[in-house]
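Please work through the exercises below with the sequence and the model open side by side. Each task is followed by a solution that goes step by step.

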Amino acid sequence: MDIKTATALRRLRLVSAPEAISFIVLLVCSVLKRTTSFNAVPVMGVVHAILFLLYVVFWLDAWNKTKWSVKTAAVYFVLSVLPTGGFFAERMLRREAEASVIAARARKEGTVSA
């Protein structure tokens, strides 16, 4: 894995958890808006929108650089629209990055001939 691909995956991984947190907070704010006089939906809506747009941009960049299959790319996109999906995406991306580092080290040491 080259540095550009690793960077794209890292950016996507770093934005996935905050995006998931903002989604959950937005849902809580929506419930509070309906049940109390507290209304933080406009502020949290903007925060979540920015983080979601960052996620989509970084997802497209990672898909372009990693050459994921359509199925894999779709899984990462679907995870972005589920309330806790960003946490799962972050975990999957971390595992993918660790696996590629292990494979690169094995190739460098000559253990694997791929």
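**Exercise 1. Where does Lys67 lie, and is Lys67 buried or exposed?**

Solution. Begin with the chain: Lys67 sits in the loop between H2 and H3, where helices are DSSP runs of H or I with at least four residues, numbered from the N terminus. Next, consider the backbone, where Lys67 has a positive phi of about 60 degrees although it is not a glycine. Finally, Lys67 counts as exposed because its relative accessibility is 63%, given that buried means under 20% relative accessible area, exposed over 50%, and partly exposed in between, with a 1.4 Å probe and protein chains only.

This is a predicted model, in which local features need pLDDT of at least 70 and side-chain atom pairs count only at pLDDT 80 or more, while totals for chains, interfaces and linings use all residues. Residues are numbered from 1 along each chain as its sequence is written, and side-chain values use heavy atoms, with hydrogens and water left out.

**Exercise 2. Place Ala74 in its helix and classify its exposure.**

Solution. Ala74 belongs to helix H3, which covers residues 70-81. Ala74 is classed as partly exposed because its relative accessibility is 36%. As a distance check, the C-alpha atoms of Ala74 and Trp63 are 9.8 Å apart, with their positions 11 residues apart along the chain.

**Exercise 3. Which residues make the nonpolar surface patch, and which helix gives the largest share?**

Solution. The patch, of about 530 Å², is made by Ile21, Ile24, Val25, Val28, Leu32, Phe38 and Phe87; patch residues have over 30% relative accessible area and no salt bridge (a side-chain nitrogen of Lys or Arg within 4 Å of a carboxyl oxygen of Asp or Glu), and nonpolar side chains are joined within 5 Å. Helix H1 (residues 3-35) contributes five residues, the largest share. Phe38 is placed in the loop between H1 and helix H2 (41-66), and is partly exposed because its relative accessible area is 46%.

**Exercise 4. Describe the lining of the largest pocket.**

Solution. Start from its volume: the largest pocket holds about 250 Å³ of space. Of its 13 lining residues, Met1, Ala6, Ala97, Ser100 and Val101 are the closest to the centre; a pocket here is an open set of points on a 1 Å grid where a 1.4 Å probe fits, with protein on both sides within 12 Å along at least five of seven lines, and lining residues have an atom within 4 Å of a point. Sorted by class, the lining has eight nonpolar, two polar and three charged residues, and H1 and H4 each supply at least two residues.

Terms used:
Patches are made of residues with over 30% relative accessible area and no salt bridge: like charges are joined within 9 Å, nonpolar side chains (Val, Leu, Ile, Met, Phe, Trp, Tyr) within 5 Å. Accessible areas come from the Shrake-Rupley method with a 1.4 Å probe; for residues, only the protein chains shown count as cover. Grid points are joined across faces, edges and corners, and a volume is the space filled by probe spheres set on the points. Ala, Val, Leu, Ile, Met, Phe, Trp, Tyr, Cys and Pro count as nonpolar, Asp, Glu, Lys and Arg as charged, and the others, Gly among them, as polar.
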